[in-house]
Amino acid sequence: TSEHTVTLPISLSATQLMRLAADETGFARELARPMPRPPATAARRGVRFHAWVERRFGQQPLIVDDDLPGAADADIEDDSDLEALRAAFERSEFAHRVPHAVEVPFHLILGGRSVRGRIDAVYADADGRFTVVDWKTNRSQSADPLQLAIYRLAWAELHALPLDEVRAAFVYVRTGATVLPDDLPDRSGLEALLAPTTS
């Protein structure tokens with residue numbers, strides 16, 4: 001088979017950067033031959049859950065592009081499952097803390113490209129640091145820590161903070177588990193993911 005270079009777009013979503021890191025060849029094929037994806041009912045419920053959290057904290061949900069908050073959440077089976085998730089969220093520690101910020105849009109320049117995304121919530125901690133939080137509605141604790149690395153760097157750079165003053169956590173809403181991955185890549189580690197792609 002012949003091999004050719006696929007040029008990365010100037011602008012990537014955080015989700016696209018994660019796909020690039022997870023499967024470089026597959027992502028290159030996706031760029032070379034984009035295929036439409038049918039809308040998934042479960043993903044729409046994920047968007048509804050995230051919009052509910054925004055409203056709960058007094059934030060008006062925003063209509064954004066294909067990287068809607070919760071669009072990747074495909075484990076919400078039906079409306080009763082969505083209600084169960086809301087109830088589980090109300091039992092979590094974060095439900096009783098006032099967030100410093102909710103649904104924070106960002107653009108990072110990494111390796112000469114714009115990486116855009118939206119941070120679910122940011123909490124100011126008692127020690128003066130911040131915790132960037134991403135709500136997860138999936139049943140397994142399988143989220144990619146790379147997402148948190150992007151969000152942590154974005155928050156730090158938006159506010160001119162040293163990276164070690166920003167924590168990053170997945171909150172698995174179903175169980176209430178909070179996972180803070182170790183050894184998240186810094187700016188140079190993220191930029192290394194933007195090397196030329198081949199397929």
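## Cores and confidence in a predicted model

The mean pLDDT of the protein chain is 80 in this predicted model. Of its residues, 76% reach a pLDDT of 70 or more. Over residues 63–72 the value is below 50. That stretch still has 23 contacts in the model beyond near neighbours in sequence.

The largest nonpolar core has 33 residues. Those with the most contacts inside it are Leu108, Ile119, Val122, Ile150 and Trp155. The elements that give two or more residues to this core are tabulated here.

| Element | Residue range |
|---|---|
| helix 1 | residues 14–22 |
| strand 3 | residues 101–110 |
| strand 4 | residues 113–124 |
| strand 5 | residues 130–136 |
| helix 5 | residues 145–158 |
| strand 6 | residues 166–172 |

Helix 5 provides the largest share of this core, nine residues. Apart from this core lies another, of 15 residues. Its members include Phe49, Trp52, Phe89 and Val173.

Ile150 is one of the residues with the most contacts inside the largest core. Leaving aside residues up to four places away in sequence, Ile150 touches Ala14, Leu17, Met18, Phe106, Leu108, Val115 and Leu190. Leu108 is also among the residues with the most contacts in that core.

Gln147 lies in helix 5. Gln147 counts as buried because its relative accessible area is 7%, and the cut-off for buried is under 20%. With residues up to four places away in sequence again set aside, Gln147 touches Met18, Asp134, Lys136 and Phe170. Met18 is touched by Ile150 and by Gln147.

How values were computed
Residues numbered from 1 in each chain as written. Predicted model: local features only at pLDDT ≥ 70, side-chain atom pairs only at ≥ 80, totals over all residues. Heavy atoms only, no water. Core = buried A, V, L, I, M, F, W, Y, C linked by side-chain atoms within 4.5 Å. Buried < 20%, exposed > 50% of the residue type's maximum accessible area, 1.4 Å probe, protein only. Helix = DSSP H or I, 4+ residues; strand = E, 2+ residues; numbered from the N terminus. Contact = heavy atoms within 4.5 Å. pLDDT = per-residue confidence, 0-100.
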